[in-house]
Each structure stands twice: as structure tokens, then as C-alpha cells.
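Let's take a walk through this structure together, starting inside one chain and ending where two chains meet. Keep the 3D view open as you read.

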Number of protein chains: 2
Amino acid sequence: MTETRHPLLGALRDAVGSAHVLTAADTDLTAYEQDWRRRHRGRALAVVRPGTPQEVAAVVRACAAHGTPIVPQGGNTGLVVGGVPDGSGTQVVLSLQRLNRVRALDADNLTLTLDAGCVLQVAQQAAEAAGLWLPLSLAAEGSCTIGGNLATNAGGTQVLRFGNARDLCLGLEVVTADGRIWNGLRGLRKDNTGYDLRHLFIGSEGTLGIITGAVLKLYPHPAAQLTAWASVPGLDAAVALLALAQRHLGPGLTGFEVMNRFALSLVRRHFPALHIPLADEAPYAVLLELSDSEDEAHARARLEATLADAIERACASDAVVAANLAQARTLWHIRESIPLAQAEEGLNVKHDISLPVSRIPAFCAEAEAALQAAVPGVRLVNFGHLGDGNLHFNVQCPEGADGPAFLRQYEGRLNALVYDLVQRHGGSISAEHGIGSLKAATLPRYQDPVALDLMRAIKRALDPAGLLNPGRVLADNALP
Amino acid sequence: MTETRHPLLGALRDAVGSAHVLTAADTDLTAYEQDWRRRHRGRALAVVRPGTPQEVAAVVRACAAHGTPIVPQGGNTGLVVGGVPDGSGTQVVLSLQRLNRVRALDADNLTLTLDAGCVLQVAQQAAEAAGLWLPLSLAAEGSCTIGGNLATNAGGTQVLRFGNARDLCLGLEVVTADGRIWNGLRGLRKDNTGYDLRHLFIGSEGTLGIITGAVLKLYPHPAAQLTAWASVPGLDAAVALLALAQRHLGPGLTGFEVMNRFALSLVRRHFPALHIPLADEAPYAVLLELSDSEDEAHARARLEATLADAIERACASDAVVAANLAQARTLWHIRESIPLAQAEEGLNVKHDISLPVSRIPAFCAEAEAALQAAVPGVRLVNFGHLGDGNLHFNVQCPEGADGPAFLRQYEGRLNALVYDLVQRHGGSISAEHGIGSLKAATLPRYQDPVALDLMRAIKRALDPAGLLNPGRVLADNALP
């Protein structure tokens with residue numbers, strides 16, 4: 001039976017209209033079948049693009065009737081292979097991209113209600129148009145969707161003050177595995193009427209239900225935002241600088257990013273036009289952001305006083321506050337160029353880890369020593385959201401070595417080395433990227449066994465047939 | 001068979017030692033069997049007081065082996081009859097009060113790890129001793145426990161900026177229905193390694209597992225806190241004042257409480273020694289709190305500028321900033337005396353509701369009119385956390401009427417009237433108190449039916465025998 005004649009296809013066309021059921025016979029499906037980092041190319045039975053929550057529910061019922069697995073997909077920008085089909089050609093990709101209406105903005109309640117397929121930037125702009133602020137920001141914001149952000153509990157650069165994506169969400173609309181619609185689109189700050197289903201679906205990576213709509217929190221715009229750059233002598237000093245900045249600035253501290261010297265050297269090598277400030281070759285640099293509710297002069301005085309205190313206490317060796325918006329953008333641009341510079345430099349082994357902030361210096365010292373012992377000459381690109389305890393702790397092959405060979409030979413071993421140490425320091429092997437397929441087999445080594453059993457019980461309860469994004473989060477063998 | 005010879009009792013004594021298994025034969029169990037508001041007096045088979053999480057697990061296993069239901073209990077200060085046994089004499093009360101160690105404080109990570117039975121005030125003091133702040137505060141803080149706060153997702157007076165109890169919790173330790181211990185005591189701001197079990201147990205009122213430990217977030221102390229009192233001409237003005245204060249003060253606005261004229265008149269009548277400021281008989285008063293990370297002079301200038309702007313824009317008719325800490329305490333004390341003044345005045349029908357902030361003026365106007373139509377002369381005590389959309393919307397019998405008769409005649413009808421309107425305005429029938437037994441039969445009328453089915457499926461998955469706090473949240477008939 002060719003794909004185009006699969007009996008499910010007729011039901012899908014009835015559900016959403018034939019223009020919105022794509023198969024390889026008529027369309028190039030690469031954009032739906034390949035993941036963002038191009039680590040995996042799958043093959044879909046079909047790609048279905050429903051335009052309403054009701055159509056999503058109809059697609060789910062049709063797939064359930066045929067026992068066909070569903071892979072929900074937003075902007076397909078995930079980093080852990082969680083939103084593309086496997087290679088079997090038996091899975092339906094359910095793309096949320098046509099479900100992209102901004103439904104309502106309530107300025108007095110500071111809430112924005114929208115379809116799950118809205119691109120994050122569109123949501124940011126909707127808030128902006130009302131003079132308000134949606135403080136969710138991440139590299140993929142031009143193409144990732146709100147539904148994907150919530151399904152993976154995305155992080156980004158504003159977590160220090162506003163939390164992860166889950167913390168910005170007040171309400172959800174979800175299509176369940178049996179094709180019903182839960183209307184939980186409440187815009188309430190307090191609601192203790194039963195189990196918190198919202199937080200259960202958020203971060204479940206499409207394995208428990210399909211998010212079709214959400215209510216997000218908005219905030220008044222800060223009157224001024226300022227960015228500063230500080231050189232710090234080590235991670236102990238960076239942790240001390242964080243505590244000092246939190247004392248001085250309180251909730252005004254909205255960004256605290258750290259970058260090691262090697263990460264910045266890669267930016268310098270591959271993007272020479274970017275001017276990195278304070279070229280004093282300190283072991284680490286920190287980017288600080290202050291959001292102030294008064295005005296720029298006030299913000300500048302506070303930030304300068306904070307940095308002066310930091311230098312006096314030797315948490316920083318030098319520091320500079322961006323003089324204007326263009327300079328501030330450049331500082332953020334340097335920080336955001338690290339992943340690209342790293343890709344230019346060649347293949348590397350990535351780790352998106354989190355730790356108690358207090359354990360970061362000891363963890364990094366131990367991990368660097370262990371990595372050098374395991375692979376002499378290996379180079380560490382260490383950067384991330386220190387304020388959240390989240391590091392992108394990436395291992396680049398020794399200078400001049402063969403990247404692919406390095407990955408083949410060492411990826412598994414280096415992962416185990418880093419994750420074992422993360423575990424010993426009370427950390428997490430996935431801070432903000434999720435589990436997807438990429439870490440599903442690894443998760444059981446590091447997650448509490450009781451927690452895994454509880455998760456399996458929940459999966460069986462909410463998706464007894466195991467048709468929602470199978471193999472993600474919990475590996476297939478954990479399912480009935 | 002008398003209670004003292006019940007075959008389970010031996011197993012319980014083996015688990016925790018006989019000194020910690022109390023029965024009515026040897027001890028007055030009133031404190032464990034009667035709820036805070038004295039609406040219900042149950043009868044327990046026994047009260048068990050384990051001293052470690054392992055003992056909690058052993059108690060749960062013993063009860064499971066005998067098919068005996070367990071009612072977990074913290075400080076027994078809940079308001080919805082969720083922590084006391086039914087009248088059957090067949091349920092075991094599992095008191096967490098002996099599980100009361102502060103386990104660890106990590107100043108650099110801003111976390112506090114403690115046993116679930118710690119009294120909230122003890123936790124606050126542990127933070128204080130390290131120069132840090134646990135911003136969870138509620139009337140019962142001298143006797144309620146952290147485990148109870150989390151099991152019921154308590155609210156309180158700091159929700160506007162810091163969220164509900166769930167938002168202050170990073171990690172949990174939980175004994176499952178089969179008597180195993182999930183160690184989820186992580187102190188991480190980011191952790192995307194599977195379903196968020198933490199948020200599922202938080203707010204589940206002991207029906208899915210028993211919280212035995214938690215990791216809470218701490219914050220640096222604000223440099224100054226100031227409290228102000230404003231008279232406002234109506235709820236539209238109060239909502240406008242909230243928006244204005246949020247624009248001016250940003251995250252510095254940590255409190256925004258509203259009280260209607262009648263609520264304050266009861267305080268004046270029953271606590272004449274309390275001096276209520278601005279006795280201008282405005283329809284509503286607002287209490288604002290500013291937490292500032294600079295100093296008191298700065299805080300005062302900001303708050304005064306905010307209030308001056310509010311008066312100019314007619315969101316407030318008059319306002320005063322507390323001159324010192326004693327005055328600030330008095331203002332909070334007035335606010336916190338409302339429930340007591342109300343109790344002095346006589347019986348009343350309580351509603352702990354939340355609404356989108358934008359809907360509060362319309363809801364209150366409609367509800368007041370409907371209440372007057374239903375019971376002429378009825379008096380409304382309307383106060384609460386306006387910044388969170390949370391009102392305590394309590395109905396006092398007409399002046400001079402017979403309280404008990406009023407309750408008997410009208411409670412059900414007034415509940416239905418208020419809740420139906422809450423529902424129509426997109427609100428919640430339980431903002432911060434939970435469901436317990438008191439609202440379990442009411443919940444299905446107002447909660448989405450798909451949500452209820454999902455909750456039942458989760459309950460069956462995690463507590464298949466239905467032994468954990470039966471009848472709470474989901475009424476018994478929903479269980480197998």
C-alpha cells in the first residue's frame with residue numbers, strides 16, 4: 001500500500017481539508033522531517049496542518065482510530081530531536097503552525113491569550129503593541145512557537161527574574177489523547193481547584209496531550225534597561241558577583257550570563273567584526289542586565305555603584321556599562337554568537353546542564369580536570385545563564401583534531417563523565433532543552449527510579465495506547 | 001474489636017514506636033480530629049506521628065497492607081476540611097509535626113531544605129538567621145506547616161510578586177501511595193528531565209502522595225519596605241491604581257490589598273483600639289506595600305510619587321504612607337483583623353474566589369445586586385488580594401438577624417449565586433484555600449469535565465486503592 005492510499009489519509013483530509021494533509025508524494029517534507037540541528041532525518045506517513053483546536057481534536061481521534069502515532073510539531077527548533085518523526089514512515093506529524101491567532105489581550109489583567117502555533121516573536125509583538133512586555137526570549141524566537149515553548153518548558157535569557165516558560169503561563173487549552181479538548185484557558189493568578197494539569201502538560205514534550213492554546217502573563221515595560229560587561233577572575237568570583245548584584249539590584253537584575261575565555265576567543269576568531277570589551281583576557285566574563293522601573297539615569301547610577309562595589313570586593317577585575325542601546329545590543333550579540341562561533345570551529349559535544357549555583361565552581365573545576373585527563377588537549381566552551389545555575393558546558397575537540405572522529409570516539413564517554421559529575425553535585429542533565437529522543441535512553445541513569453515509575457504511570461493513565469510522541473521523554477520500552 | 005486492638009495498630013507501633021501512635025483510648029484527639037473552623041469533628045482509628053520520611057513510608061505501607069485510609073495532617077489550619085478524619089473511626093491521621101528539621105540552607109544558591117512538618121514561622125526564622133527572606137506569609141504562619149502550605153498551594157500576602165507556595169518550591173520529597181520515597185529534593189532553577197511531578201503533588205491536598213520534605217527559594221532582604229493606605233472611590237479606581245502602581249513600582253510592588261467600607265466598619269466596631277487611617281468613608285481602601293532594594297528614603301520618594309500621581313488621576317481620593325515600622329504594622333494588622341472582626345459580628349457565608357483583575361468591578365457590581373435581591377439587607381464583607389485577583393467575598397446576615405438560621409436557610413443558595421457569577425466571569429471558586437471536603441461536591445459543577453476526567457485518571461494511576469485522603473479534591477464517587 002503506498003502512503004497516499006493509507007486508509008487514515010482520507011479521514012485526515014476529512015478532518016482538515018486535503019490542502020492541509022501533505023505527503024512525500026506531493027510535497028518536500030524535509031522541513032518537517034528533519035530536526036533543527038540536523039542530527040536526524042525521519043519519514044512521516046503524512047504531515048497534517050489543522051487550523052483550529054477542533055480540527056486538532058479530529059486529527060487525534062482519526063489517528064487513535066487507526067492506532068497511528070502522532071508527533072506534534074511547532075516551529076521545529078527543538079535541540080533534542082523531540083518533534084520529528086522516526087524513520088518508519090508510520091507516524092503522522094501534527095503541525096500546529098496554522099493555529100496562529102492571537103486570541104485576546106487583557107491589559108488590566110496583564111494577560112495574552114493565543115493559539116499554540118503563534119510564533120514567539122509574534123506574541124512578543126502583540127504585547128509590545130499594547131505597551132506591555134512578554135519576558136520570554138530565546139535564540140529561536142523568530143521561528144519557535146508558543147506551544148513548543150510550553151511543551152518543552154523553554155528557558156532563555158529572562159529566567160533569572162521571570163522563570164521558565166511554565167512560570168509565564170496561567171492557562172492552557174489541550175487536546176487529550178482521546179481527542180477531547182480541555183479548556184483550561186483561565187487568566188487567574190490563583191486557582192486551587194484540583195490537580196495542576198497545566199504544569200503537567202507543560203514540559204511533557206507532547207507525550208501527554210497537545211497544547212492548542214495558552215494564556216500568558218504580561219508585565220509593564222521597565223522604564224530603562226541597561227547592560228554591563230564585567231571581567232571576573234574565576235567562577236567563585238562570578239558566584240560572589242551574582243550574590244552582590246542580587247543584593248544591590250533585587251528583582252531589577254534580569255540577566256546574568258557567564259562566558260569563559262575560550263568561548264570568547266572563538267567569537268573573536270570567527271566574528272572578528274564584533275568588538276569584545278575589556279580585552280583583558282580574564283578567565284571569565286559576565287554580562288549583567290538591569291531592568292529599572294524609574295529611568296535610565298537612575299538605572300545607570302545603580303549599575304555603576306554595583307560594579308564599583310564588585311571591583312572593590314574583587315568579584316570583578318574590570319567592568320563597563322553599555323553607553324547606549326547599540327552597545328547593549330552588541331554585548332548581547334557577543335553572548336548569543338557563542339553557539340555559532342562554536343559551530344564554525346567544528347563539531348563538539350554539548351551539555352545543557354544545571355546545578356545549584358553554589359556548586360558551580362567545584363563542579364567546573366572537577367569536570368575540566370576530568371575532561372583533560374580523558375582527552376588531553378580538549379577545549380571547553382563553558383557559558384550560560386549562571387543566575388539560573390544553567391551552563392552550556394560544551395566540549396570541543398583538541399585544536400586541529402578530526403571533529404567527526406572525535407565525536408564518534410568520545411561523545412558517549414564525555415557525556416557519561418559530565419553527567420556523572422552533574423549528578424554528584426545535585427544537578428540536572430537537561431536544564432532547558434528537554435529530553436526528546438536524544439536523552440530518552442540516558443534519562444533512567446540519572447532520574448530517580450521512583451520518579452520514573454510515577455512518570456510511566458502518568459503516561460499510561462493519560463495516553464494508554466502510547467500514541468502521543470512515542471519514545472520521547474520516556475523511552476519506548478517503558479510503555480505497555 | 002475495640003480500636004486499641006485493631007490489627008493495624010501493632011504494625012504502626014512497630015513503624016514509629018508506641019509513644020507515637022495515639023488513640024482515643026489513651027489521648028484526647030480533639031486537636032487532630034477537629035478542623036480549624038470547627039465545622040467538622042471526625043474520629044480517627046489512630047493518630048500516628050512518624051519522625052522520619054522512612055517512618056512515613058513504613059506507616060503508608062502498613063496502612064496499605066490493611067486497606068486503611070490515611071489522612072495526612074500538618075498544622076491542621078486548613079479552611080476547607082481537608083486534613084481531619086471522617087466520622088467512621090476507620091481512618092489513620094498521619095501527623096507530620098514531628099518531621100520538623102531544618103535540613104540545610106544554601107546561601108549562594110538561595111535555597112532552604114526542610115522537613116515538611118516545619119512550621120512556616122520556623123522556616124521564616126531560619127531564612128532570617130542567614131540574612132535572607134522566605135517570602136511566604138499568611139495568617140496561620142505560627143502553626144501551619146510547610147508541607148501543608150505546599151499540599152494546599154497556600155497563597156497569602158506576598159503572592160503578587162513571589163507567586164503562590166508552588167512558585168517558591170524547587171524540590172520535593174514525597175512518600176507515594178505504595179510507600180516508596182521519591183527523592184526530588186533538587187535546588188535547581190531549571191530542570192527539564194521529565195514530567196513535573198513537583199507541581200502535580202503541590203496542591204493535591206495529600207491525595208496523590210505525602211510530602212515529607214521540600215527545597216524552598218529564598219531571596220535577599222529588601223533594603224526597605226514601606227506600606228501605604230489609600231482611599232479609592234470604587235473598584236474601577238482600585239484596578240486603575242493597581243496598574244498605575246505596577247507601572248511606577250515594577251516588581252517593587254509586593255502587596256496590594258483591598259477592603260470595602262463595611263469590612264472596615266466591622267474592624268472599627270469590634271477592635272476600636274485599632275486606628276484606621278483616612279476615616280473618609282470612601283467605598284474602598286487599598287493597602288500597598290513597596291519593597292525597595294535601595295533605602296528607605298528612596299522607597300518613600302517612589303511611593304509618595306506613585307500616590308500623588310494616583311490622586312491626580314483620581315484613582316485615589318486620599319493616601320498616607322506609614323511613617324515608621326509600627327505604623328506599617330498597624331496597617332497590616334487592620335487588614336488582617338477583618339476575618340476576626342467578621343467572626344465577632346456573627347456567622348457568615350465565605351467565598352475564596354479569584355477573577356481576572358479586569359473583571360472584578362463588573363463581577364462585584366453584579367454579585368452585590370444579586371445578593372441584595374436574594375436576601376434584602378444582606379451585608380457584604382469584601383476584601384482580599386486584589387493584585388492577585390483574589391477576593392474573600394463573604395456574606396454576613398442582615399443586621400440583627402439570627403446567624404445560624406441565616407446560614408441554614410441561605411448558605412447553599414448564596415454559594416450557588418456567587419459561584420455561578422464567578423464562573424461566568426472566568427474565575428475560580430477556590431483561589432487559595434483549596435477544595436478539601438468542603439467543596440469536593442461543588443467542584444464538578446464548575447470545573448471543566450475533561451479536566452475532572454484527567455484528574456480522576458491521575459488519581460487512579462498514583463493511588464489505585466484510593467487510600468490517600470479519600471473524598472478530598474475529588475469526591476468519593478469519582479473513585480473506583
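Begin with Thr227(A), which sits in strand β12 of chain A. The model is a predicted one, so the values that follow are all computed from its atoms. Is Thr227(A) buried or exposed? Its relative accessibility is 3%, and because buried means under 20%, Thr227(A) counts as buried. If you look at what surrounds Thr227(A), leaving out residues up to four places away in sequence, you will find that it touches Leu287(A), Leu288(A) and Glu289(A). Its contacts also include Leu303(A), Val320(A), Val321(A) and Ala322(A), as well as Ala328(A), Leu331(A) and Trp332(A).

Strand β12 also leads us to a helix. Which parts of chain A do the buried residues of α9(A) pack against? Strand β12 (224-232) is one of them, along with the strands β13 (253-260), β14 (284-292), β18 (379-385) and β19 (390-396), and the helix α11 (325-345). Helix α9 itself covers residues 261-270 of chain A, and its buried residues are Phe262(A), Ala263(A), Leu264(A), Leu266(A) and Val267(A).

Now step outward to the partner chain. Here 85 residues of chain A are in contact with 85 residues of chain B. Between them the two chains bury about 6600 Å², with 56% of that area on carbon and sulfur atoms. On the chain A side, Lys190(A), Asn192(A) and Tyr195(A) lose the most area to chain B, together accounting for 16% of what that side buries.

Polar links cross this interface too. The rule finds 10 salt bridges between chain A and chain B, and you can pick out one between the side chains of Glu294(A) and Arg302(B), at 3.2 Å from N to O. There are also 42 residue pairs in polar contact across the interface. Among the elements that give two or more residues to the side of chain A that touches chain B are α8 (235-249), α10 (296-312) and α15 (449-462). Of these, α15(A) gives the most, with 10 residues. By type, the residues on that side divide into 32 nonpolar, 33 polar and 20 charged.

Finally, how are the two chains related? A turn of 180 degrees, with a shift of 0.0 Å along the axis, lays chain A on chain B with an RMSD of 0.0 Å. That is the relation of a two-fold axis. The same surface serves both copies, as 100% of the contact residues of chain A recur in chain B.

Notes
Residues numbered from 1 in each chain as written. Chains lettered and ligands numbered in written order. Predicted model: local features only at pLDDT ≥ 70, side-chain atom pairs only at ≥ 80, totals over all residues. Heavy atoms only, no water. Buried < 20%, exposed > 50% of the residue type's maximum accessible area, 1.4 Å probe, protein only. Helix = DSSP H or I, 4+ residues; strand = E, 2+ residues; numbered from the N terminus. Contact = heavy atoms within 4.5 Å. Buried area = accessible area lost by both parts, 1.4 Å probe. Salt bridge = Lys/Arg side-chain N within 4 Å of Asp/Glu carboxyl O. Polar contact = N/O pair within 3.5 Å; in protein donor to acceptor, adjacent residues only side chain to side chain. Nonpolar A, V, L, I, M, F, W, Y, C, P; charged D, E, K, R; others polar. Least-squares fit on C-alpha atoms with pLDDT ≥ 70 in both.
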